[in-house]
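Please walk me through this structure in the viewer, telling me what to select at each stop and what is to be found there.

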Amino acid sequence: MRAALLVAMLALPMVSQAGSALAVDMGCYSCHGAYPRGEALGFGQLAGKYAGLKGDASAEQKRVDKWRQGEWLEHIDAHERLSPETARALFHWLVEGAK
Ligand code: HEC
């Protein structure tokens with residue numbers, strides 16, 4: 001039931017189209033742009049890393065949760081202040097290739 005709902009939400013066209021504009025709005029590019037800073041990978045690199053999650057909504061959701069929680073002692077405000085919906089939309093945009 002939950003998985004079905006998630007698939008339906010991920011399929012919303014608005015969500016995938018909004019990806020890059022949303023990433024700009026949320027300030028993601030200041031760390032993950034074409035010239036990524038420090039430990040932050042560029043979005044093209046992240047998209048490559050997550051390509052294998054395509055079509056597997058539950059694996060994708062697990063990854064989103066992990067990303068939002070952050071690592072022990074490594075908390076990134078820009079990640080943590082995202083709502084669950086925004087985080088999912090942005091992550092899905094990456095899984096779909098960050099176009
Ligand atoms: C202040 C700099 C900064 C900003 C702003 C930022 N990030 Fe990050 N991000 C990082 C760093 C550093 C890492 C690597 C360390 C980590 O995974 O926590 C990272 C990791 C990630 C990861 C990989 C997590 C994983 O474990 O695979 C994703 C996905 C991500 N960021 C997406 C985003 C998105 C989307 C935004 C915009 C809401 C954003 N980031 C904003 C610095 C930033």
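Select lysine 49 together with the ligand: in this predicted model, a polar side-chain atom of lysine 49 lies 3.0 Å from an oxygen atom of the ligand. Add tyrosine 50 to the selection, where a polar side-chain atom is placed 2.3 Å from an oxygen atom of the ligand. Then turn to histidine 79, whose side chain brings a polar atom to 2.7 Å from a nitrogen atom of the ligand.

Now widen the selection to the shell of residues around the ligand. There are 20 of them, and those that come nearest are Cys28, Cys31, His32, Tyr50 and His79. If you colour this shell by residue class, you will find 12 nonpolar, 4 polar and 4 charged residues. Colouring by helix is also useful here, since the shell draws at least two residues from each of helix H4 (29-32), helix H5 (43-50), helix H6 (57-69), helix H7 (77-80) and helix H8 (84-95).

Next, hide the ligand and look at the space it leaves. Which pocket does the ligand take up? The space taken by the ligand is the largest pocket, and the volume of this pocket is about 750 Å³. Two or more residues of its lining come from each of the elements H4, H5, H6, H7 and H8. To find the middle of the largest pocket, select His32, Ala40, Trp67, Ile76 and His79, which among the 27 lining residues lie nearest its centre. By class, the lining of the largest pocket divides into 15 nonpolar, 5 polar and 7 charged residues.

From the pocket, move on to the aromatic side chains, of which a search of the whole structure finds 4 pairs. One of these to display is the pair of phenylalanine 43 and tryptophan 93, which is edge-to-face, with 5.1 Å from centre to centre and 70° between the planes. Because phenylalanine 43 belongs to helix H5 and tryptophan 93 to helix H8, this pair ties together parts that are 50 residues apart in sequence.

For the last stop, follow the chain into the segment after H8, where alanine 98 lies. What is the value of phi at alanine 98? The angle is near 55°, a positive value in a residue other than glycine. As background for this stop, most residues other than glycine have a negative phi.

Definitions and conventions:
Residues numbered from 1 in each chain as written. Predicted model: local features only at pLDDT ≥ 70, side-chain atom pairs only at ≥ 80, totals over all residues. Heavy atoms only, no water. Near = heavy atom within 4 Å. Polar contact = N/O pair within 3.5 Å; in protein donor to acceptor, adjacent residues only side chain to side chain. 1 Å grid on protein atoms, 1.4 Å probe; cavity = no way out; pocket = protein on both sides within 12 Å on 5 of 7 lines; lining within 4 Å. Sits in = over half its atoms within 2 Å of the grid points. Helix = DSSP H or I, 4+ residues; strand = E, 2+ residues; numbered from the N terminus. Nonpolar A, V, L, I, M, F, W, Y, C, P; charged D, E, K, R; others polar. Points joined across faces, edges and corners; volume = space filled by probe spheres on them. Phe/Tyr/Trp six-rings, centres within 6.5 Å; stacked < 30°, edge-to-face > 60°.
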